Amino acid sequence: MKIVILCVVSCIMVVLAGVTSIWLRLGNHYTCCVVKPDLTNKSCFEDWHQFNDRCFLYIKKTMTWLEAEKNCQIMGANLTSVRSTDEYKEIQTLTFPNYRKSWIGGSAPQKGNAWRWSDGQKFDYTNWCYGEPNSPEDQRCLLMNFSEEKCWDDDECGLNLTSVCARSVLSLMD
Ligand SMILES: [Ca+2]
């Protein structure tokens, strides 16, 4: 911030593609004096919501689980995994105010398979509703905001629901 204050009369600050450069005036010309990544403000695409190291987007268009996952992948993302209660609460805020049932990235593709996240995260944290998952025969995809408790349910992958995508924060190479 000191640099900015000093710069009022003698330099120009340029922010482009997440990189901040500060140009100092020396006589009749400018010299670039500072270039640094601006990760505080430029880490997610517009409309995406940043929380810690990831960017999240709520998709209002309803789709099957597989369609929703492919829709996320087109944007360099996956249906979101969930790694903690704090993260789940944050993801839920994206579905405010209706808190509709929405697809997230959990699935058990084959009968008897363990649940897994489509983005490869470990399936450590869970927030299943009481009695869920309850139907390994035909309910192999994971939805959030189920029941009054807004917890997780396994359900049929062909249901058309809203969804939440997540991707890593953008690096300067993106
Ligand atoms: Ca169920």
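**Notes on the strands, the core and helix α2**

Trp103 has Ser163 of β11 as its opposite number. That pair is a handy place to start reading this model, which is a predicted one. My points follow, working out from β7.

1. **β7 and its partners.** Start with the parallel partner: β7 and β11 pair in that sense, over 2 bridges, and Trp103 facing Ser163 belongs to this part of the picture. With β9 the sense flips to antiparallel, and there are 3 bridges. Here Ser102 is found opposite Met144 of β9. Strand β8, residues 116-117, is a further antiparallel partner, joined to β7 by 2 bridges. On that side, Gly106 sits across from Trp117 in β8.

2. **Cover over β7.** How many of the residues of β7 are buried? The count is 6 of 6, so the strand is rated mostly covered by the neighbour criterion, which asks for 20 or more other C-beta atoms within 10 Å.

3. **Ile104 as a worked case.** Ile104 is part of β7. Why does Ile104 count as buried? Because it has 28 C-beta neighbours inside 10 Å, and the cut-off for being buried is 20 or more. If you set aside residues up to four places away in sequence, Ile104 touches Leu79, Thr80, Val82, Leu142, Met144 and Val164. Several of those names come back below: Leu79 is the residue opposite Cys165 of β11, and Met144 is the one in β9 facing Ser102. For a backbone view of the same spot, look at Ser81, which is 23 residues from Ile104 along the chain, with 6.6 Å between the two C-alpha atoms.

4. **The main nonpolar core.** The largest nonpolar core holds 25 residues. Which residues have the most contacts inside it? They are Phe56, Leu79, Trp103, Ile104, Leu143, Val164 and Cys165. By element, at least two residues each come from β5 (54-63), α2 (65-74), β7 (102-107), β9 (141-146) and β11 (161-168). The top contributor is β9, with 5 residues. So if you want to colour the core by origin, those elements are the ones to pick, α2 being among them.

5. **β11 and its other neighbours.** Besides the parallel pairing with β7, β11 runs antiparallel to β5, and 7 bridges join the two. Phe56, one of the core residues named above, has Ala166 of β11 as its bridge partner. β6 also pairs with β11 in the antiparallel sense, over 2 bridges, with Leu79 placed opposite Cys165. Both Leu79 and Cys165 are on the list of residues with the most contacts inside the core. As for burial, 7 of the 8 residues of β11 are buried, so this strand too is mostly covered.

6. **Arg54, worth a second look.** Arg54 lies in strand β5. Is Arg54 buried or exposed? Buried, because 22 C-beta neighbours lie inside 10 Å. Beyond four places in sequence, the contacts of Arg54 are Ala166, Arg167, Ser168 and Val169. For Arg167 there is also a C-alpha figure: Arg54 and Arg167 are 5.5 Å apart in space, although 113 residues separate them in sequence.

7. **Helix α2.** The buried residues in α2 are Trp65, Ala68, Glu69 and Cys72. They span an arc of only 100 degrees around the axis, which places them on the same side of α2. The underlying geometry is the usual one: an α-helix has 3.6 residues a turn, so residues three or four places apart point the same way. What lies over these buried residues includes β5, β6 (78-79), β7, β9 and β11. Just past the end of α2, Gly76 has a positive phi of about 75 degrees.

8. **The β9-β10 hairpin.** β9 and β10 run antiparallel and are joined by 4 bridges. One pairing to check is Cys141, whose bridge partner in β10 is Asp155. The two strands make a hairpin with 4 residues between them, and in the turn Ser147 takes a positive phi of about 65 degrees. Strand β10, residues 151-155, is mostly covered, with 4 of its 5 residues buried.

Note on methods. Residues numbered from 1 in each chain as written. Predicted model: local features only at pLDDT ≥ 70, side-chain atom pairs only at ≥ 80, totals over all residues. Core = buried A, V, L, I, M, F, W, Y, C linked by C-beta atoms within 7 Å. Buried ≥ 20, exposed ≤ 12 C-beta atoms within 10 Å, placed from the backbone. Contact = placed C-beta atoms within 7 Å. Arc of directions from axis to C-beta. Pairing = 2+ DSSP bridges.
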